[in-house]
Each structure stands twice: as C-alpha cells, then as structure tokens.
Amino acid sequence: MTTARTILRQWRTDDLPLFAALNADREVMRHFPTSLDRAQSDAVAHRLAQHLETHGFGPWAMEIPGVTPFAGFVGLMRVGFDAPFVPAVEIGWRLARAWWSKGYATEAATAAARYAFDTLGMDDLVSFTVPANVRSRAVMQRIGMRHCPDEDFLHPLVPPGHRLRRHVLYRLNADELKA
Ligand SMILES: CC(C)(COP(=O)(O)OP(=O)(O)OC[C@H]1O[C@@H](n2cnc3c(N)ncnc32)[C@H](O)[C@@H]1OP(=O)(O)O)[C@@H](O)C(=O)NCCC(=O)NCCS
C-alpha cells in the first residue's frame with residue numbers, strides 16, 4: 001500500500017537491525033514495560049510478519065522512499081488478549097524517533113484504516129494505550145478516533161499494580177475517519 005510519502009509493505013530481513021534499534025530506544029519504549037534486546041525484537045518482527053501472512057493484513061513495515069528503507073510499523077492487528085471489547089482489530093504504530101513530528105504516523109494510519117473499512121469491509125477499529133502516551137493519543141485523535149471512557153480497561157497482560165496497567169480505549173468507524 002502506498003500513501004503520499006510512505007510505503008506499507010511486508011517485512012524484510014534487512015528491517016530487523018533497524019527495528020531492533022528502535023526497540024532498544026528507551027524513549028520509543030517509554031510506555032511499554034521494557035525496551036527489547038535484539039532477540040526479543042526479532043521475535044516481535046516475526047510475529048508481526050506472521051500476522052500479515054496469516055490474515056492478509058497486519059502491522060506493515062513502513063518505508064519512506066528517498067528517506068529511509070524502514071521507519072517502523074503502522075497497521076492492523078487482531079487483539080490477542082481477553083477484554084470486554086474483544087474480538088476487535090486494533091490499529092497501532094511505532095516509529096523510530098528520527099521520524100517523529102513529521103506526520104508520517106498519521107498519514108500511514110489513515111491509509112491503513114481506509115484499507116480496513118473499504119477493502120477488508122471492517123466496521124470498527126480500536127486503539128489503546130496508557131493515558132500518559134500523549135503522542136499516540138494525538139495520532140488517534142488526528143485520524144478521527146473517539147475516546148470511549150466507559151471502555152477504558154486494565155490490561156490483562158500487565159501485572160496488577162503496575163504503572164502501565166490502566167489503558168484508554170479509542171474507537172473508529174468509517175464515517176469518523178478523517179480524509
Ligand atoms: C506514537 C508515535 C508513532 C507518534 O509519532 P508522532 O510523530 O507524534 O506522530 P505523527 O507521525 O502523526 O506526527 C505528528 C507530528 O508531526 C507534525 N506534522 C508535520 N507534518 C504533518 C502532517 N502532514 N500531518 C500531520 N502531522 C504533521 C504534527 O504537527 C505533529 O507535531 P508534534 O510532534 O509537534 O506534535 C511515536 O511517538 C512513537 O512511535 N512512539 C513510540 C511507540 C508508541 O508508543 N506507540 C503507540 C503504542 S499504543
């Protein structure tokens with residue numbers, strides 16, 4: 001899939017070192033329990049690529065032609081844990097810090113959501129993060145998502161009492177998606 005400035009594509013082996021670098025960056029991983037070492041990062045990439053293979057959609061590797069062969073990922077993923085809003089498909093993003101503040105996440109997420117609604121025929125997408133992740137929440141808002149406070153939840157994979165357990169839930173349907 002292409003957007004004005006990006007390509008969303010299947011993962012390649014040469015993405016792995018760049019993905020590992022962003023997963024080792026504490027600022028990128030500030031709202032996750034830990035940063036990742038190379039083996040953990042490769043395992044995540046494998047899981048994301050596998051999702052794409054299996055479902056025909058997923059968290060695509062994002063390329064910015066003429067700028068970088070791999071900036072991070074943006075895309076769609078079936079929510080893999082139990083929660084009141086599941087089953088659901090999540091829209092998510094993670095970019096290397098060098099590519100923040102340029103509108104790339106918003107541009108690619110808009111295209112991914114458009115694909116979900118127009119090509120895949122999905123009715124609804126969700127996104128979630130910790131309340132403090134203002135950058136991610138800003139992407140959600142820019143693409144037209146609405147916060148559903150009644151559906152905020154405690155992430156079942158984060159231990160009780162952990163600072164990252166509480167999550168805010170956003171939803172999006174085709175009518176709400178901003179062009
Ligand atoms: C979440 C994340 C992808 C957001 O990145 P981002 O750079 O803030 O978002 P965008 O790419 O949409 O860029 C928006 C910024 O570019 C600016 N911008 C420039 N051109 C733009 C354009 N054409 N369209 C939209 N915004 C544009 C916006 O004003 C905004 O500026 P700001 O940084 O001063 O707020 C990034 O912070 C990240 O990877 N974080 C770590 C991983 C993470 O937490 N992921 C989410 C887990 S739920």
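In which helix is Asn23 found? Asn23 is found in helix α1, and the close-up views below, taken from a predicted model, begin with this residue.

**Figure 1. Surroundings of Asn23 in helix α1****.** Asn23 has a relative accessible area of 0% and is therefore classed as buried, the limit being under 20%. Apart from neighbours up to four places away in sequence, the residues in contact with Asn23 are Met29, Ser35, Leu36, Ser41 and Arg94. Gly72 is 49 residues from Asn23 along the chain, and their C-alpha atoms are separated by 9.6 Å.

**Figure 2. Crossing of helices α1 and α2****.** Two packed helices are described by the angle between their axes and the distance between the axes. For α1 and α2, the axes come within 9 Å and cross at roughly 115°; the crossing is right-handed. On the α1 side, the contact is made by Leu16, Pro17, Phe19, Ala20 and Asn23. On the α2 side, Arg38, Ser41, Asp42, Val44, Ala45 and Leu48 take part. By class, the residues of this contact comprise seven nonpolar, two polar and two charged.

**Figure 3. Arg26 in the loop between α1 and α2****.** Is Arg26 buried or exposed? Arg26 is exposed, because its relative accessible area of 70% is over the 50% limit. Leu36 lies ten residues from Arg26 along the chain, with a C-alpha separation of 9.2 Å.

**Figure 4. The largest nonpolar core****.** This core holds 46 residues, of which Trp11, Phe19, Met62, Ile91 and Leu125 touch the most other members. At least two core residues are supplied by each of the helices α1 (16-23), α2 (38-55), α3 (104-118) and α4 (134-143). The strands β2 (59-64), β3 (68-78), β4 (89-95) and β8 (166-173) likewise supply at least two residues each. Helix α3 gives the largest share, eight residues. Another core, of nine residues, lies apart from this one and includes Phe81, Ala88, Phe128 and Phe153.

**Figure 5. Contacts of Leu125 within the fold****.** Which residues does Leu125 contact beyond its neighbours within four places in sequence? The partners are Leu76, Val89, Ile91, Ala113, Ala116, Phe117, Met145, Tyr170, Arg171 and Leu172. Leu125 is also one of the residues that touch the most other members of the largest nonpolar core.

**Figure 6. Aromatic side chains****.** The count of aromatic pairs comes to twelve. In one of them, Phe81 and Phe85 are arranged edge-to-face, at 6.3 Å centre to centre and with 85° between the planes. Both of these residues, Phe81 and Phe85, are buried. Trp11, Phe19, Phe70 and Phe73 form one aromatic cluster; Trp11 and Phe19 are also among the residues with the most contacts to other members of the largest nonpolar core.

**Figure 7. Trp60 in strand β2****.** Trp60 is buried, because its relative accessible area of 7% falls under the 20% limit. Although Trp60 and Val74 are 14 residues apart along the chain, their C-alpha atoms are separated by 5.6 Å.

**Figure 8. Val130 in the loop between β5 and α4****.** The preceding strand, β5, spans residues 124-129. Why is Val130 classed as buried? The relative accessible area of Val130 is 5%, which is under the 20% limit, so this loop residue is classed as buried. Not counting residues up to four places away in sequence, Val130 touches His31, Arg137, Leu164, Arg166, His167 and Val168. Between Val130 and Arg163, 33 residues apart in sequence, the C-alpha to C-alpha distance is 9.0 Å.

**Figure 9. Backbone geometry at Pro87 and Ser101****.** Most residues other than glycine have a negative phi, and most peptide bonds are trans. The peptide bond from Val86 to Pro87 is cis, with omega near 10°. Pro87 belongs to the loop between β3 and β4. Ser101, which is not a glycine, has a positive phi of about 70°. Its place is in the loop between β4 and α3. With a relative accessible area of 63%, Ser101 is over the 50% limit and is therefore classed as exposed.

Methods
Residues are numbered from 1 along each chain as its sequence is written. This is a predicted model: local features need pLDDT of at least 70, side-chain atom pairs count only at pLDDT 80 or more; totals for chains, interfaces and linings use all residues. Side-chain values use heavy atoms; hydrogens and water are left out. A nonpolar core is a set of buried Ala, Val, Leu, Ile, Met, Phe, Trp, Tyr and Cys residues joined through side-chain atoms within 4.5 Å. Buried means under 20% relative accessible area, exposed over 50%, partly exposed in between (1.4 Å probe, protein chains only). Helices (H or I, at least four residues) and strands (E, at least two) are DSSP runs, numbered from the N terminus. Contact means heavy atoms within 4.5 Å. Axes are lines fitted to C-alpha atoms, for helices over the stretch in contact, and angles run from 0 to 180 degrees between N-to-C directions. A crossing is left-handed if the near helix is turned anticlockwise from the far one by less than a right angle, and right-handed if clockwise. Ala, Val, Leu, Ile, Met, Phe, Trp, Tyr, Cys and Pro count as nonpolar, Asp, Glu, Lys and Arg as charged, and the others, Gly among them, as polar. Rings of Phe, Tyr and Trp (its six-membered ring) pair if their centres lie within 6.5 Å; planes under 30 degrees apart count as stacked, over 60 as edge-to-face and the rest as tilted.
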